[in-house]
Protein chains: 2
Amino acid sequence: MPLKKTSAQEITLSVIKTACSNCNLQELCLPYGLNETEMSKLDELVSTRRKIKRGDHLYRAGEAFESIYAIRAGFFKTDVLLEDGRDQVTGFQMAGELLGLDGISTEHHSCNAVALEDSEVCIIPFPRLEGLSREIVALQHHFHKVMSREIVRDHGVMMLLGTMRAEERLAAFLLNLSQRFTARGYSHAEFYLRMTREEIGSYLGLKLETVSRAFSRFQEEGLIAVQQKHIRILDIPGLKKLMTHQSA
Amino acid sequence: MPLKKTSAQEITLSVIKTACSNCNLQELCLPYGLNETEMSKLDELVSTRRKIKRGDHLYRAGEAFESIYAIRAGFFKTDVLLEDGRDQVTGFQMAGELLGLDGISTEHHSCNAVALEDSEVCIIPFPRLEGLSREIVALQHHFHKVMSREIVRDHGVMMLLGTMRAEERLAAFLLNLSQRFTARGYSHAEFYLRMTREEIGSYLGLKLETVSRAFSRFQEEGLIAVQQKHIRILDIPGLKKLMTHQSA
DNA sequence: GGGGCACGTTGACCTGGATCAAAGGCTTCC
DNA sequence: GGAAGCCTTTGATCCAGGTCAACGTGCCCC
């Protein structure tokens, strides 16, 4: 149901629920820093949602690029496929994060986005976003920051893949998840992994067995408690130390 | 020497030389797709240059971010430093490419940019670029594409670091350089490397000895001719095959 | 134009993580 | 509720690339 500008008295519960101006992810997502008037303009733009079932694709590499997506709820992975069949997970995305920025470049998506649990995204038609960000300085600037942040994040992953040993990579991965869950108001010490050992390994440039062994080792050393996908982090400073101090 | 707006008859040779509208890198750089009027507006913005000597920094991690830079001539590397002293080269940049996009995110540069040969950059004050890209749709759109391209490039490097073996990485690296030199009108088969084996290794997540051995191996197999920094590519299909076919 | 030094090559050996293999536990879907 | 299959763990072995070491080379600066 597409949504038109509404006066105050016409606002229904469902409208309230679907507007950026009422979204509790504002601070993490695209609307960051907008005033009320600006926010309501953005509301008009971001009016449709899409639910994606666990295991389904939000988009696939090669498809025409039309929109970016803000994750309203759920958890995704993005991955890239090489001609010879090898693939790699390039990232895991959670609520408030944007998907699809890779597609702007060629006007075709360059990776696959797959839901790792039942999820919902806000659809942001890209040409209209460009239009609005010509009007709203704060939106333009924040969008640029978000793209830049993605570049910085990728440099961090390159660093991880290029210089860290297996256990350092996994420690960095867990600390990163912990920090992102914290920013969303969840426990920083206890969470369910949405992805398999193989997907973690793919992201970290390791084989699934190595990931599994590293988890076991962390458990032996009292750094974490693992049971399958359920993780409890017991010693954050310990993990940090392991990450930086190991191979000086 | 800062440059002010000039009327037609005031234009000197040095001004002509320094304008985007007369730059032969237009097609690769920021002005791509602009009409004449738009180009002249961009000329006003991109009015100062800076020369950087081999080995000098264009900017350092932590410095306040104010401008992005378009490489007018020369060759750069960017690298990131970890607290424990480990570092990694995150990219090599050549004429027509932009530097500094990582700084938008936090308003501080997140990596170092170092000239690998005597170089010259055009300084593009970022707030003014944002201003102009609110006026010029084509500029806005192209800038978004450039940032997105950087994200896609980084995913390619992650892929390389995460899934490829040493010789595949080096083959991918050589083919990428070859293709970028070609786009700039240089020979696709013969070039001087501006970086050391150690810098190549850092970028590719390998040790310098491994890079050196891989070069020797390629030479034995007749794929390339190497003498120190001078490279001649003899068998592009061979390198491509090696890149994809190896570990299927 | 010569001396020093950073860069590059090559060899020998070692090791972290890949690979191969097998068995046990969850989840999911009839 | 039961069975099938996926996911995970753990062990044994292997090897690509790292590490250590020594030597060669060419470039740059005085």
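**DNA contacts, symmetry and a few local details**

A phosphate oxygen of DNA strand D sits 2.7 Å from a polar backbone atom of A:Arg197, a polar contact in the sense of two N or O atoms within 3.5 Å. (Within protein, one atom of such a pair must be able to donate a hydrogen and the other to accept it, and residues adjacent in sequence count only if both atoms are side-chain atoms.) The model is a predicted one, in which local features need pLDDT of at least 70 and side-chain atom pairs count only at pLDDT 80 or more, while totals for chains, interfaces and linings use all residues. Residues are numbered from 1 along each chain as its sequence is written, chains are lettered from A and ligands numbered from 1 in the order in which they are written, and side-chain values use heavy atoms, with hydrogens and water left out.

Chain B reaches the backbone of the DNA too. A polar side-chain atom of B:Thr210 is 2.3 Å from a phosphate oxygen of DNA strand D, and a polar backbone atom of B:Lys207 is 3.3 Å from a phosphate oxygen of that strand. Around DNA strand D there are 17 residues (a residue is near a strand if one of its heavy atoms lies within 4 Å of it), and those that come nearest are A:Arg197, A:Ser212, A:Ser216, B:Ala166 and B:Thr210. Seen from the DNA side, 66% of the strand D atoms within 4 Å of the protein belong to sugar or phosphate, and the rest to bases.

Which helix gives the most to this surface? It is H7(A), with five residues. Helix H7 (208-220) of chain A and helix H7 (208-220) of chain B each supply at least two residues; helices here are DSSP runs of H or I with at least four residues, strands are E runs with at least two, and both are numbered from the N terminus. By type, the surface near DNA strand D splits into eight charged, six polar and three nonpolar residues. Charged covers Asp, Glu, Lys and Arg; nonpolar covers Ala, Val, Leu, Ile, Met, Phe, Trp, Tyr, Cys and Pro; the others, Gly among them, are polar.

As for the two protein copies, a turn of 180° with a shift of 0.0 Å along the axis lays chain A on chain B with an RMSD of 0.0 Å. The two copies are therefore related as by a two-fold rotation axis. The same surface serves both, as 100% of the contact residues of chain A recur in chain B, with contact meaning heavy atoms within 4.5 Å. A:Arg134 is the chain A residue that comes closest to the rotation axis, its C-alpha lying at 2.2 Å.

Elsewhere in chain A, A:His142 belongs to helix H4 (residues 137-163). At a relative accessible area of 6%, A:His142 is buried (under 20%; exposed is over 50%, partly exposed in between, with a 1.4 Å probe and protein chains only). A polar atom of the A:His142 side chain lies 3.0 Å from the backbone oxygen of A:Cys29.

Two loop residues have unusual backbones. Most residues other than glycine have a negative phi. A:Glu107, though not a glycine, has a positive phi of about 65°; A:Glu107 is in the loop between strands E6 (98-99) and E7 (112-115) and is partly exposed at 36%. A:Gln228 also has a positive phi, of about 55°, and is found between strands E10 (224-227) and E11 (230-233), exposed at 63%.

Methods. Copies are superposed by least squares on the C-alpha atoms of residues with pLDDT of at least 70 in both.
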